[in-house]
Amino acid sequence: MIAHLQGKLVEKTPTQVVIDCGGVGYHVNISLHTYSLLPSSDYIKLFTHLQIKEDAHTLFGFVEKSEREIFKLLLSVSGIGASIARTMLSSLDPKQITNAIASGDVVTIQSIKGIGSKTAQRVILDLKEKVLKLYDLDEVSMSQNNTNRDEALSALEVLGFVRKTSERVVEKIIKDAPDSSVEFIIKQALKNL
């Protein structure tokens, strides 16, 4: 119904913005990922998704079209509402979510607050084919990348590093160099931890 909003940014918090479009202020819910991508200028454009319920019409906004598409996919899963989908996109960036779904990484999806193992499995089961088709992801490289990631994290844990901290560092290394070997990931992580 409302595909995008373009106008003056009036208010901004990590969870919502108000955009003035021709004298009308639109309250738009956003994820932390979108918040981090908001331009420093006063005029912005957000791709939107309007959720209509009996008691409310709620707008969700995204800087990237791809994030909006993932949001819609997540909403199609039974047990995932708009607030959980937004939490997912605030906890992980869209690329991490699609990679986790494509590679069947239940642990990553389950690490998001409010997602249990059954819901994580349902997300993967319902969306894996759609994500692979939509983003032309190669499942083989995904699982190889995931194996290297897991091996590197296990090694870092054995060396005494906290898993949560290690995960952030390893994710950044893999994002910058997707075809990294386990050894390369560990060496780079040791430099950054």
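Two aromatic pairs are present in this structure. I will start with those and work outward. One caution before that: what you see above is a predicted model.

In general, a pair of aromatic rings is described by two things, the distance of the centres and the angle of the planes. Take Phe60 and Phe71. Their ring centres are 5.0 Å apart and their planes meet at 40 degrees, so this pair is tilted. Why tilted? Planes under 30 degrees apart would count as stacked and planes over 60 as edge-to-face, so 40 degrees falls in the remaining class.

Which parts of the chain does this pair tie together? Phe60 belongs to strand β5 and Phe71 to helix α2, so the pair links parts that are eleven residues apart in sequence. Phe60 has a relative accessibility of 5%, and because the limit for buried is under 20%, Phe60 counts as buried. Phe71, at 1%, counts as buried too.

The other pair is Phe62 with Phe71. This pair is also tilted, with 5.0 Å from centre to centre and 50 degrees between the planes. Phe62 is buried, as is Phe71. Taken together, Phe60, Phe62 and Phe71 make up one aromatic cluster.

While we are in helix α2, look at Ile70, which is found there as well. Ile70 has a relative accessible area of 4%, so this residue is buried. Compare its position with Leu59: the two are eleven residues apart in sequence, and their C-alpha atoms are 16 Å apart in space.

Now the whole chain. How many helices and strands does the protein chain have? There are nine helices and five strands. In sequence order the pattern reads β-β-β-α-β-β-α-α-α-α-α-α-α-α. If you follow the C-alpha trace along its principal axes, the chain spans about 55 × 35 × 30 Å.

The protein chain has 193 residues, and 41% of them count as buried. Consider next the contacts between residues at least 6 apart in sequence: 50% of those join residues at least 24 apart. As for the surface, the chain exposes about 10700 Å², and carbon and sulfur atoms supply 52% of that. On charge, there are 23 positive and 23 negative side chains. The centres of these two sets lie 3 Å apart.

Next, the interior. The largest nonpolar core holds 26 residues. Which of its residues touch the most other members? They are Leu74, Ile80, Met88, Ile109, Val123 and Leu127. Several elements contribute: β5, α2, α3, α4 and α6 each supply at least two residues of this core. The largest share is six residues, and it comes from α6.

Val123 is a useful residue to click on. Leaving out its neighbours within four places in sequence, Val123 is in contact with Leu74, Val77, Ile80, Ile101, Ile109 and Lys128. There is also a second, separate core, made of twelve residues, and among them are Leu5, Cys21, Val28 and Ile30.

Let us move on to helix α8, which runs from 163 to 176. Two of its residues are worth a look. Ser166 sits in this helix. Is Ser166 buried or exposed? Its relative accessible area is 1%, so Ser166 is buried. Not counting residues up to four places away in sequence, Ser166 touches Leu153, Leu156, Phe161 and Leu193.

Glu167 is in helix α8 as well. Its side chain is of the kind counted as negative, and yet Glu167 is buried, with a relative accessible area of 16%. That value is under the 20% limit, so the label applies. Which residues does Glu167 touch? With residues up to four places away again left out, Glu167 touches Arg149 and Leu153. Leu153 therefore appears in the contacts of both Ser166 and Glu167.

Last stop: Ala177. Where is Ala177? This residue lies in the loop between α8 and α9, and α9 covers 182 to 192. Ala177 has a relative accessible area of 26%, so it is partly exposed. To set Ala177 against a residue from the second core, take Ile30. Ala177 and Ile30 are 147 residues apart along the chain, and their C-alpha atoms are separated by 29 Å.

To recap: there is one aromatic cluster of Phe60, Phe62 and Phe71, a largest nonpolar core of 26 residues, and a second, separate core of twelve. That is all from me.

How values were computed. Residues numbered from 1 in each chain as written. Predicted model: local features only at pLDDT ≥ 70, side-chain atom pairs only at ≥ 80, totals over all residues. Heavy atoms only, no water. Helix = DSSP H or I, 4+ residues; strand = E, 2+ residues; numbered from the N terminus. Buried < 20%, exposed > 50% of the residue type's maximum accessible area, 1.4 Å probe, protein only. Contact = heavy atoms within 4.5 Å. Areas by Shrake-Rupley, 256 points an atom, 1.4 Å probe, with all protein chains shown as cover. Charge placed at Lys NZ, Arg CZ, Asp CG, Glu CD. Core = buried A, V, L, I, M, F, W, Y, C linked by side-chain atoms within 4.5 Å. Phe/Tyr/Trp six-rings, centres within 6.5 Å; stacked < 30°, edge-to-face > 60°.
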